[in-house]
Amino acid sequence: MLICSGSASEILAQKIYRRVKGSKWLEIEKKKFPDGETYVKVEGEVKDEKVALVQSMYHQPNNYLMEFLIIADTLLDLGAQEIIGVIPYFAYARQDTRFTPGEAVTFDIVKKLISERVNKLIVVDIHQHRRRGIEKEFPVPTVNLTAASLFADYVRDKLVNPVVIGPDEESEQWVSVAAEKLGAEKFIFRKQRLTSEEVQIETGELNLKGRDTLIVDDIISTGGTMAKTVEALKSFGAKRVISACTHPVLAGKALAKIYKAGADEVLGTDTIPSEISFITVSGIIADELKKELERGD
Ligand code: R5P
């Protein structure tokens, strides 16, 4: 198996490669022409090879998506036998429906563009607010990994007998994994989005006096969801609050907003490189690729 990377995920791809014994690194040259067009050159022999292409789609989703398509097409054109697309942060998954007439359902468009060029897809905690099990909608086999158990490992020595909290119903799936690993109690709140930056959280009455807490969600974007959840936990008497997300999009002043609300620590993974990407998903992705290697063919 060859492992290569688009511009978005060079470091993560290297970390994955080092964990997959028996794989080889494939260098891809990527640059921009002065007019903004993308140039790609595959620097190695790929004929009849299985190639894992790692590219997250954060911050410049259109640019990284286009680069992914160009690299994947080139690999196929050069005779690669199979492409495994590794897209740790799958952008556009939130526009999975037509909220008002005339809107593009971008998730379906991006899903089609990518699926036409890969034989298998690996994503991490893909957003699935309305469509649970969204990974099954891809026309190619798709594995949706979760970072939730990594959060449990990370906080184990930092929090005493913690309560694990989900800000909304969607988060239940990740909260359950983390809570089970910690042997902890869990609570799932309900969320209503008021504007793109503001949410209202319904919690019910809770007594968390002196308790440590871990909040788990897939994305921190504007930070509105986390900030409101942290505020609620503090108002219930929580002692320590750690906010964990898989994908630290961190738009605008998201991080400051969450700390201002009273969080003791905010953390995320390296699906998106950021100042809080303390946890790497390279291990869980490498484990999945190792299964592919073992399968052979
Ligand atoms: C929404 O359903 C997601 O699971 C996250 O809760 C959401 O994307 C977070 O967005 P924000 O940080 O803007 O509140």
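Trainee: Where is the place of D125 in this structure?

Mentor: This is a predicted model, by the way. In it, D125 sits in the loop between β7 (120–124) and β8 (142–145).

Trainee: What is the phi of D125?

Mentor: Start with the general idea. Residues other than glycine mostly have a negative phi. Now the case here: D125 is not a glycine, yet it has a positive phi of about 40°. N161 also has a positive phi of about 40° without being a glycine. You'll find N161 in the loop between α4 (148–155) and β9 (163–166).

Trainee: Is D125 buried or exposed? And what about N161, buried or exposed?

Mentor: The cut-offs help here: under 20% relative accessible area is buried, and over 50% is exposed. D125 has 2%, so it is buried. N161 has 53%, so it is exposed.

Trainee: On to strands. Which way do the side chains of β4 point?

Mentor: General idea again: along a regular strand, side chains alternate between the two faces of the sheet. In β4 (residues 38–42), T38, V40 and V42 point to one face and are buried. Y39 and K41 point to the other face and are not buried.

Trainee: Which strand pairs with β4, and in what sense?

Mentor: That's β3 (residues 28–32), which pairs with β4 in the antiparallel sense over five bridges. For one example, pick I28 and look across: its bridge partner in β4 is V42. The two strands form a hairpin with five residues between them. In the turn, G36 has a positive phi of about 95°.

Trainee: How do I read the surroundings of a serine? Where is S23 found, say?

Mentor: Try location, then burial, then contacts. S23 is in the loop between α1 (10–19) and β2 (24–25). Its relative accessible area is 10%, so S23 is buried. A polar atom of its side chain lies 2.7 Å from the backbone oxygen of V20. Leaving out residues up to four places away in sequence, S23 touches M1, I3, Y17 and L293.

Trainee: Let me try S277. Which strand is it found in, and what does its side chain reach?

Mentor: S277 is in β16 (residues 277–279). Its side chain reaches the backbone oxygen of T269 at 3.0 Å. With a relative accessibility of 19%, S277 counts as buried because the cut-off is under 20%. Setting aside neighbours within four places in sequence, S277 is in contact with P248, G268, T269, D270 and I272.

Trainee: How many disulfides does a search of the whole structure find?

Mentor: Zero. You can still look at cysteines for burial, though. C4 counts as buried, at 0% relative accessibility, and C245 counts as buried at 0% too.

Trainee: Last one: which residues come nearest to the ligand?

Mentor: There are 16 residues around the ligand, and D217, D218, S221, T222 and T225 come nearest. Then check the polar atoms. An oxygen atom of the ligand is 2.5 Å from an N or O atom in the side chain of D218. For the side chain of T222, an N or O atom is 2.6 Å from a ligand oxygen. With G223, the partner is a polar backbone atom, 2.8 Å from an oxygen of the ligand. As for cover, the ligand on its own has 380 Å² of accessible area, and the protein covers 95% of it.

Technical notes. Residues numbered from 1 in each chain as written. Predicted model: local features only at pLDDT ≥ 70, side-chain atom pairs only at ≥ 80, totals over all residues. Heavy atoms only, no water. Helix = DSSP H or I, 4+ residues; strand = E, 2+ residues; numbered from the N terminus. Buried < 20%, exposed > 50% of the residue type's maximum accessible area, 1.4 Å probe, protein only. Polar contact = N/O pair within 3.5 Å; in protein donor to acceptor, adjacent residues only side chain to side chain. Contact = heavy atoms within 4.5 Å. Pairing = 2+ DSSP bridges. Near = heavy atom within 4 Å. Areas by Shrake-Rupley, 256 points an atom, 1.4 Å probe, with all protein chains shown as cover. Disulfide = S-S within 2.5 Å.
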